[in-house]
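Morning, everyone. I'd like to walk you through one strand and two pockets. Please have a look at the model first.

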Amino acid sequence: MSAPKVTQIADPVTLGEGPHWDHDSQALYYVNVRGATVNKYVPATKKHTTVKIEGGPVSIVIPVEGTNDKFVITVGRNVAIMTWDGESGTPADVKHVCTVDTEQSQDTRLNDGKADPTGRLWAGTMCSDTEFPQKIIPELGAMYSFSKDWKATKHLKKITVSNGFAWTEDLKIMYYIDSTTRKVHAFDFDVENGKISNKRTAFDYDTNNVEGIPDGMAIDTEGKLWVACFEGSKVIRIDPMTGKLLLEIEIPAPQVTSVTFGGPQLDELYVTSANLNQSEELQKKYPLSGATFHVTGIGAKGYPGQPVKL
């Protein structure tokens, strides 16, 4: 197999995150958290569309199943439904449906989130300090799931940087990342009741000598995980059953934030990155910091982005 090819597809932003491949429309959605924008990219036409969201940082964008103009997004601590045609620069409507961390006196915001294969939304929180990553306030966050009537269930507390959800095809295991632990964790997953148990380590960055911290991730059809390495300039493929490192793909940006499968055959990767408080020297060395990238020739296939079912 030839080496994977990495190509820039979008201009740098401050904090690119949450890539979601909508297989029906063959379009990529992602966000700029700090810029509070939702972004759409259509590879067939190379068309980019961006919409600004008022009210705070935006960390996820996931289509609502059965619609072509409704999306679940986050705005600060709030989960919201955005109505947007995907073409104009102004959303028709953003309706807040749930607020989390209401008992938390210090400022937090929602971070990474994803719908499980049944369409149930999961997302977690972290501190909203603007000096991140140099300054992280530990254990302010939590991890939640959300019912169809937008009741939040808290599954984990004392989370520092909530990231990276993935589920096995048989729905028996959920993988999750609290980034500063430098580990990918596995849980037994009760799909019917939406509960997790039996936390254990699936992959340890220290044991495998991997630079950076784990951020967003995706799972392939062989059950292997593809994990973005923030401050590690790469995406890695790991075997969560053996805890072994299988592959590294270098990305021309130090702060790699998330990854999703895409393309007509779901055998390509879309990778987001950030440009957070980097030194002038690092900016010169990595001028593409914050860009979104397209990776081909990876030798694996994944799953389409799962919409939220309401």
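A definition to begin with: two strands count as paired if DSSP finds at least two bridges between them. Keep in mind that this is a predicted model.

Start with strand β14, residues 162-167. Is β14 buried or exposed? Buried means under 20% relative accessible area. By that cut-off, 6 of the 6 residues of β14 are buried, so the rest of the structure largely encloses this strand.

Now its partner. Strand β15 covers residues 173-178 and runs antiparallel to β14, with 4 bridges joining the two. Look across that pair: Ala166 sits opposite Tyr175 of β15. The hairpin they form has 5 residues between the strands. There, Leu171 takes a positive phi near 65°.

On to the pockets. The largest has a volume of about 560 Å³. Its lining counts 33 residues, and those closest to the centre are Lys114, Tyr303, Pro304, Gly305 and Gln306. Which strands supply at least two residues each to this lining? Our β14 is one of them, along with β2 (16-22), β6 (61-63), β10 (108-115), β18 (213-219) and β22 (255-262). By class, that lining has 19 nonpolar, 10 polar and 4 charged residues.

The second largest pocket holds about 260 Å³ of space. Of its 18 lining residues, Asp22, Asp24, Pro63, Val64 and Thr67 are closest to the centre. Strands β2 and β7 (70-75) each supply at least two residues here. The classes are 5 nonpolar, 7 polar and 6 charged.

That's the tour. Questions, please.

Note on methods
Residues numbered from 1 in each chain as written. Predicted model: local features only at pLDDT ≥ 70, side-chain atom pairs only at ≥ 80, totals over all residues. Heavy atoms only, no water. Buried < 20%, exposed > 50% of the residue type's maximum accessible area, 1.4 Å probe, protein only. 1 Å grid on protein atoms, 1.4 Å probe; cavity = no way out; pocket = protein on both sides within 12 Å on 5 of 7 lines; lining within 4 Å. Points joined across faces, edges and corners; volume = space filled by probe spheres on them. Nonpolar A, V, L, I, M, F, W, Y, C, P; charged D, E, K, R; others polar.
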